[in-house]
Amino acid sequence: MTLPLVRILAIGFPEADLEKLRSILTEGESRFDLASPKGGAGELDAETAELLASDSCAVLLLGAPNPATARKRLRPLHSAYPSLPVVVISGDVADEDGDAPVLPTFEVARRALKREGARDVLQASLLSSDDACVLPGILAHLVENRRLVRELEKARELGLHLAHHDTLTGLPNRQLFRTRLRELLARARRHPRPLAVFFIDLDRFKQVNDTLGHNLGDLLLIEVGRRIRGCIRETDLVARRGGDEFTVILDGVADGPSAARVAQKIVDALREPLVLDGHRLRIGGSVGISLSPADGRDVEALVKCADIAMYRAKARGGGFEFFLPEMGQRTSRWLDLEHELRGGIDRGEFVLHYQPLVNIESGRIASLEALVRWNHPERGLVYPDAFIGVAEQSGLISELGHAVLLEACRQNREWKDRGLPIVPVAVNFSAKQFQTGNPVEGVREVLEETGLSSEYLDIELTESAIMRDPAFATDTLRRLRDLGLRIAIDDFGTGHSSLAYLKRFPITKLKIDRAFVSALMRDPKDAAICRAIISMAHNLQLKAVAEGVEETRQLEFLRHPGCDEVQGYLFAKPQDAERTERLLTGTSPLEATPISSAAASS
Ligand code: C2E
Ligand code: MG
Ligand code: MG
């Protein structure tokens, strides 16, 4: 294998010296190739400039009649090409004709030239002496040095890049984001300039990762990074904070509306469906915005405010939100609650109450809905509306949901074992709980663990939990039904169900939302909605259940269109297991009987 020749550039030499150089450097097995453009060394001619700029020469040999001239020639070259090693080959000081020597001896001149950047300084007389043979060695050494320096530089650049960038997406990481933001804020202190920080969190990322695998999750994050990048200017910065969190700095955004426009662009871009590895996915993102100086002048404050605003956006179902000072308080309370909730789960402070669903025809209890309560050591009984949201946001819902499911099934099995006439127990699944983790496996395991037969378990899901991803829901619901349990759609009428999907979902019941039932006697529109839902349910071969029935008049109204089951304070409030047991055995009756007096007497 022949090694490539190392090119040495020689300028400023008389023809005779060039000849000598050529024979010294290119003789025998030499690895050098000497380039000597014709132009003088005073001003660089085009050819020399091109050679220098192309970076194709490893070492520059600079000739000069004396050290003073060498110095004049060296200075501009060294400042233009500081990394190019230069070896000066100069005539002696004594050669300076006429003028008083600027530099007294060659040794002093040599040191001065080295200080100016020459890597080595040789006397021109060397070229004619036997010692000329040292020149290739000197050059080889310089070439090798240069190669090492370059490698080190490359390694350092790569190291810096790795330390400051996310290896998956190639985007700046959290650390570089902080450094950049700190720099921009410091500059803004000297020359006031507004900027915006975005905190972006993907919706449903965990689900994609859990159900379709990490490889697809990775591809998704790369694509998300690309999409966000596409929404901002070259001078703005997008960083990946970790997981599915991204942050953006918009430098010099004039006002809220311009930040809002960019945020909307990002939200839209993230909503666009994406096809990865043959899977068509729909995700989305929530964006929180903080503005400097209004919301803060340091990195921590701006990131925290944007994070808080992001949570608000998420709680409202996505999109973007600007930070507002009153959010701060709510969030710290929220964090306290999350902490307490975790403790409450660990200490087993959650209990279940049960509320019957009553068959309107027979007046019998058709099933029992399990409703969770927090038996708080200081605050007493806390109702789910106060903590389900936090449990969902913090991810604690999977633990809590599992505990509820387990307890409901365990209790029902215990009743059965004690010979009570049991009915199915209905457990509420929150949207998050349904979409993350593996609900089917979870249910199967609990049924196995408790030994409860699946015909004694119902599941209630809201429309929005299902409609967020109908394809996923259809599959999951089918698998749940295949286990042998029934699924009810809770709070029906408040979400946006697509009727086309409703037909395809393997569900058995629609529970008409309490809001329609409570307004039934006052608002004819609500009455019409109730009637329509009942008849639609029947057309789809589903049972219709009315929630929140508090008055006999409501019950009478619901009977006409053929509502199948009713649930509400009129019959029983949710109550603990002990009292529920008495309802089951018939030792204490329901408050009211749904059977109309007319029907009862006939
Ligand atoms: P939901 O599933 O629609 O439950 C019915 C809610 O209506 C219950 O409120 C119940 O106490 C209340 N209710 C029943 N009858 C009447 C009535 O005649 N009048 C009035 N005004 N209210 C009535 P609760 O127990 O406060 O639960 C609220 C929501 O919290 C539930 O709505 C459900 O979405 C959720 N939830 C309850 N337990 C769980 C659980 O274990 N897991 C999950 N994910 N969510 C739960
Ligand atoms: Mg429910
Ligand atoms: Mg409901």
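Asp491 sits partly exposed in this predicted model, with a relative accessible area of 26%. The residue belongs to strand β18, which covers residues 486-492. Its backbone is a bit unusual on paper: phi comes out near 50°, a positive value in a residue other than glycine. Gln541 tells a similar backbone story, with a positive phi of about 60° although this residue is not a glycine either. Gln541 is found in a loop, the one between α20 (524-539) and β20 (543-546). At 69% relative accessibility, Gln541 is over the 50% mark and so counts as exposed.

Next door to Asp491 in the numbering is a metal ligand. Asp490 bridges two magnesium ions, ligand 2 and ligand 3, and these lie 4.0 Å apart. For the magnesium ion that is ligand 2, the protein donors are Glu369 (OE), Asn428 (OD1), Glu460 (OE) and Asp490 (OD), placed 2.0 to 2.2 Å from the ion. Read along the sequence, the donor residues of this ion follow the spacing E-x58-N-x31-E-x29-D. Distant parts of the chain are linked here: Glu369 comes from strand β14 (residues 365-376) and Glu460 from strand β17 (residues 457-462), with their positions 91 residues apart. As for accessibility, Glu369 has 5% relative accessibility and therefore counts as buried, the cut-off being under 20%. Glu460 is buried as well, with a relative accessible area of 2%.

On to helix packing. The axes of α15 (residues 439-450) and α17 (residues 470-483) come within 9 Å of each other and cross at roughly 15°. Because that angle is under 35 degrees, α15 counts as roughly parallel to α17. The crossing of the two helices is right-handed. On the α15 side, the contact is made by Pro439, Val440, Val443 and Arg444, while α17 brings in Thr476, Arg479, Leu480 and Leu483. Sorted by type, the residues of this contact are five nonpolar, one polar and two charged.

Helix α17 turns up again around α7, a helix made of residues 205-212. Within α7, Phe205, Gln207, Val208 and Asn209 are buried. The elements that cover these buried residues include β6 (195-203), α8 (214-231), β10 (279-281), α14 (431-435) and α17. Just after α7 comes Gly213, where phi takes a positive value of about 100°.

Val208 of α7 also has a partner in Ile283, a residue in the loop between β10 and β11. With 9% relative accessibility, Ile283 falls under the 20% limit and so counts as buried. Leaving aside residues up to four places away in sequence, Ile283 touches Leu202, Asp203, Val208, Leu220, Val224, Leu270, Arg271 and Leu274. Ile422, by contrast, is 139 residues from Ile283 in sequence and 42 Å from it in space, C-alpha to C-alpha.

A last backbone detail concerns a proline. Ser292 and Pro293 are joined by a cis peptide bond, with omega at about 10°. Pro293 lies in the loop that runs between β11 (284-292) and α10 (299-315).

Note on methods: Residues are numbered from 1 along each chain as its sequence is written. Chains are lettered from A and ligands numbered from 1 in the order in which they are written. This is a predicted model: local features need pLDDT of at least 70, side-chain atom pairs count only at pLDDT 80 or more; totals for chains, interfaces and linings use all residues. Side-chain values use heavy atoms; hydrogens and water are left out. Axes are lines fitted to C-alpha atoms, for helices over the stretch in contact, and angles run from 0 to 180 degrees between N-to-C directions. Helices (H or I, at least four residues) and strands (E, at least two) are DSSP runs, numbered from the N terminus. Angles under 35 degrees count as roughly parallel, over 145 as roughly antiparallel, 65 to 115 as roughly perpendicular and the rest as oblique. A crossing is left-handed if the near helix is turned anticlockwise from the far one by less than a right angle, and right-handed if clockwise. Contact means heavy atoms within 4.5 Å. Ala, Val, Leu, Ile, Met, Phe, Trp, Tyr, Cys and Pro count as nonpolar, Asp, Glu, Lys and Arg as charged, and the others, Gly among them, as polar. Donors are N, O and S atoms within 2.8 Å of the metal (3.2 Å for Na, K and Ca); water is not among the atoms, so sites may look incomplete. Buried means under 20% relative accessible area, exposed over 50%, partly exposed in between (1.4 Å probe, protein chains only).
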